[in-house]
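Biologist: I'd like a close look at one spot in this model, and then how that spot fits into the packing around it. Could you take me through it in one go?

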Amino acid sequence: MESPDLLGLTASLASSTLILAFVAGLMPRLVGDEPNPVVGIRSKSTTSSPEAWRLAHQIARPLLRLTMWTAVAGMCMQVTIGVVTGFGSVVSAVASTVVFLAVLLVLLFAGLKGNAAAKSLQP
């Protein structure tokens, strides 16, 4: 049972997952050693000093890698499910939703861990 609406949901969530993975993969290369207004974990704590900025991103780096690997594993799972059940099926749509949320949660966790590390430097 294929549905164009479910196919659209699956495609949009899959592309959003890829964008999050791409951002997580590029972030460690783009943040630099000084706080910047565009890329990175931006909070009051992380932008308070260059040391806090570097520590936050150093702590977040392994979790950013985990974000990418979660996306890769999830996309492989989505493709497999899509081939077996059809990309416009309910199962495929649920899988794409679960994968997107998993990737988003790991990325958010990376930001929270980085922010907590930066807070630990404040008196």
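Modeller: Let's start with V106, which counts as buried because its relative accessibility is 16%, under the 20% cut-off. Keep in mind that this is a predicted model. V106 lies in helix α3, and if you skip residues up to four places away in sequence, what V106 touches is L63, L66, T67 and T70. R65 belongs in this picture too: its C-alpha atom is 9.7 Å from that of V106, though the two are 41 residues apart along the chain.

A second way in from V106 is A71, 35 residues away along the chain, with 9.9 Å between the two C-alpha atoms. A71 is found in helix α2, and at a relative accessible area of 2% it is buried. Setting aside neighbours within four places in sequence, A71 is in contact with T17, A21 and V103. So how do the helices behind these contacts run? Take α2 and α3 to begin with: their axes cross at roughly 175° and come within 8 Å. That angle makes α2 roughly antiparallel to α3. By class, the residues of this contact divide into 23 nonpolar, 10 polar and 1 charged.

Now bring in α1. Helix α1 (residues 4-30) and helix α2 (residues 50-85) have axes that cross at roughly 150° and come within 9 Å, which means α1 is roughly antiparallel to α2 as well. The crossing of these two, α1 and α2, is left-handed. On the α1 side, the residues that meet α2 are T10, A14, T17, L18, A21, A24, G25, M27 and P28. Their partners in α2 are H57, R61, L64, T67, M68, A71, M75 and Q78, so you'll spot A71 again, and T67, one of the residues that V106 touches. This contact of α1 with α2 comes out as 10 nonpolar, 6 polar and 1 charged.

The remaining pair is α1 and α3, whose axes are 9 Å apart and pack at an angle of about 20°. These two are therefore roughly parallel to each other, and α1 passes α3 in a left-handed crossing. From α1, the residues L6, L9, T10, L13, S16, T17, L20 and A24 take part. Across from them in α3 sit V90, S92, A93, S96, T97, V99, F100, V103, L104 and L107. Here the split is 12 nonpolar, 6 polar and no charged residues.

T10 deserves a stop of its own. T10 is found in helix α1, and counts as buried at 6% relative accessibility. Not counting residues up to four places away in sequence, T10 touches Q78, F87, S92, A93 and S96. Q78 is among the α2 residues in the α1 contact, while S92, A93 and S96 are among the α3 residues that meet α1.

Finally, the nonpolar core. In soluble globular proteins, nonpolar side chains tend to be buried together. In this model, the largest nonpolar core has 17 residues, and the ones touching the most other members are L20, M27, A60, L64, V103, L107 and A110. Each of α1, α2 and α3 (90-120) supplies at least two residues of this core. L64 is a good one to look at on screen: leaving aside neighbours within four places in sequence, L64 is in contact with A24, M27, P28, L107 and A110. And V103, which A71 is in contact with, is one of those core residues too.

Note on methods
Residues are numbered from 1 along each chain as its sequence is written. This is a predicted model: local features need pLDDT of at least 70, side-chain atom pairs count only at pLDDT 80 or more; totals for chains, interfaces and linings use all residues. Side-chain values use heavy atoms; hydrogens and water are left out. Axes are lines fitted to C-alpha atoms, for helices over the stretch in contact, and angles run from 0 to 180 degrees between N-to-C directions. Helices (H or I, at least four residues) and strands (E, at least two) are DSSP runs, numbered from the N terminus. Angles under 35 degrees count as roughly parallel, over 145 as roughly antiparallel, 65 to 115 as roughly perpendicular and the rest as oblique. A crossing is left-handed if the near helix is turned anticlockwise from the far one by less than a right angle, and right-handed if clockwise. Contact means heavy atoms within 4.5 Å. Ala, Val, Leu, Ile, Met, Phe, Trp, Tyr, Cys and Pro count as nonpolar, Asp, Glu, Lys and Arg as charged, and the others, Gly among them, as polar. A nonpolar core is a set of buried Ala, Val, Leu, Ile, Met, Phe, Trp, Tyr and Cys residues joined through side-chain atoms within 4.5 Å. Buried means under 20% relative accessible area, exposed over 50%, partly exposed in between (1.4 Å probe, protein chains only).
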